[in-house]
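I had a structure open today and wanted to jot down what I looked up. These are my notes, in the order I took them.

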Amino acid sequence: MEIKRTLKKGDNISFQGEYTKAGNTLVEKGTFINPGVSALLATFGYSEIPVAKNPVIGLLATGSELLDVSEPLKPGKIRNSNAYMVLAQIEKVGGEAKYFGKFSNNFEDCLEAIENALSEVDILITTGGVSVGDYDYVLAILDKLKASVLFNKTGMRPGSVTTVARIGNKLYYGLSGNPSACYVGFELFVRPKIQRNLHHPRPHLRKTKAILGVDFPKPNPFTRFVRAKLEVDHGCYTAIPSGLDKSGVVTSLADASAFIVLPGGTRGYQKDMEVDVLLLEDWIGSEWPWNNIVPSYK
């Protein structure tokens with residue numbers, strides 16, 4: 001027998017206790033059970049463990065202008081894309097989605113639908129009915145339900161007409177009927193609550209830096225969250241808009257992997273500036289991403 005390499009004492013031997021030490025925590029509370037965690041639990045004999053219950057998130061779409069996906073388009077009508085989008089967002093971040101359908105712009109119908117839905121869910125979301133049209137009833141319904149409105153409207157674009165309220169021990173989110181505004185409102189306000197319910201230690205979108213790939217010359221008094229795709233060059237992100245930057249546009253959502261954060265001010269932003277971005281396809285998250293945002297250019 002010929003041994004062609006040097007061996008040390010203990011090579012090729014598995015020692016008792018080398019995986020981890022007695023008393024060490026194997027899996028922290030709030031950890032997502034991925035295949036690696038499953039293998040770890042099985043190795044140490046855990047066939048069952050306590051887990052967080054997926055919160056039930058209800059969704060109601062309001063608006064007489066909404067058509068089902070299978071219906072042909074008609075003048076003055078749009079297809080109900082928000083419902084499919086929000087249901088997918090709920091499931092993506094760990095909620096159990098429950099769709100209650102779409103309702104017309106009738107106060108009593110909407111009130112009854114919201115009351116019934118609240119009895120079956122942990123959190124209720126409505127889309128539409130939160131702006132300033134003749135048939136936008138959300139605030140009147142919340143008043144009727146004796147809700148505690150946490151905020152109504154925010155200083156951001158898109159999604160300024162977001163409303164959040166507490167009704168008894170349930171949370172209510174009124175998101176915009178405009179698809180991009182609805183999408184942004186969910187990611188910034190609903191997603192963290194669902195993740196917190198699942199005990200995630202960093203429930204918010206993860207923030208990092210990127211180089212702005214295009215000019216934004218027009219100033220805006222509100223903080224903007226621009227749907228963007230990220231390109232990587234030598235380990236650095238470059239962020240460019242993923243489509244037309246309007247709140248009613250859905251085409252910018254399909255390729256979006258981040259939000260470019262542009263704080264409000266009296267000046268625009270130029271290509272090659274360093275900006276903050278919030279990552280959409282990431283599970284590390286942020287405990288609180290709003291500290292030390294790149295300052296506005298006033």
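The entries below cover the domains, one helix pair and two backbone oddities.

**Entry 1: domains.** I reminded myself that this is a predicted model. I then pulled up the domain assignment, which gives domain 1 as 56–198 and domain 2 as 206–279. Their centres, taken over C-alpha atoms, are 26 Å apart. I counted in the contact 14 residues from domain 1 and 15 residues from domain 2.

**Entry 2: the area between them.** How much area is buried between domain 1 and domain 2? I got about 1,200 Å², and carbon and sulfur atoms give 70% of that. I also wanted to know which three residues of domain 1 supply more of its buried area against domain 2 than any other three. They are Arg157, Ser180 and Tyr183, with 43% of what domain 1 buries there.

**Entry 3: α2 and α5.** Next I looked at helix α2 (residues 81–92) and helix α5 (residues 179–197), whose axes come within 10 Å and cross at roughly 20°. Angles under 35 degrees count as roughly parallel, so I wrote the two helices down as roughly parallel to each other. Their crossing is right-handed. From α2, the contact uses Ser81, Asn82, Met85, Val86, Gln89 and Ile90. From α5, Pro179, Cys182, Tyr183, Phe186 and Glu187 take part. I sorted these contact residues by type and got seven nonpolar, three polar and one charged. Tyr183 caught my eye, as it is listed in this helix contact and is also one of the three residues from Entry 2.

**Entry 4: a cis bond.** Arg157 came up again when I checked the backbone. Where is the cis peptide bond? I found it joining Arg157 and Pro158, with omega at about -10°. Pro158 sits in the loop between β7 (156–157) and β8 (163–167). So far, then, I have Arg157 down for this bond and for its share of the domain 1 area.

**Entry 5: a positive phi.** Last, I noted Asn12, a residue other than glycine with a positive phi, near 65°. I placed Asn12 in the segment before α1 (35–43).

Definitions and conventions
Residues numbered from 1 in each chain as written. Predicted model: local features only at pLDDT ≥ 70, side-chain atom pairs only at ≥ 80, totals over all residues. Heavy atoms only, no water. Axes fitted to C-alpha atoms, helices over the stretch in contact; angles between N-to-C directions. Helix = DSSP H or I, 4+ residues; strand = E, 2+ residues; numbered from the N terminus. Parallel < 35°, antiparallel > 145°, perpendicular 65-115°, else oblique. Left-handed = near helix turned anticlockwise from the far one by under 90°. Contact = heavy atoms within 4.5 Å. Nonpolar A, V, L, I, M, F, W, Y, C, P; charged D, E, K, R; others polar. Domains from an automatic or database assignment. Buried area = accessible area lost by both parts, 1.4 Å probe.
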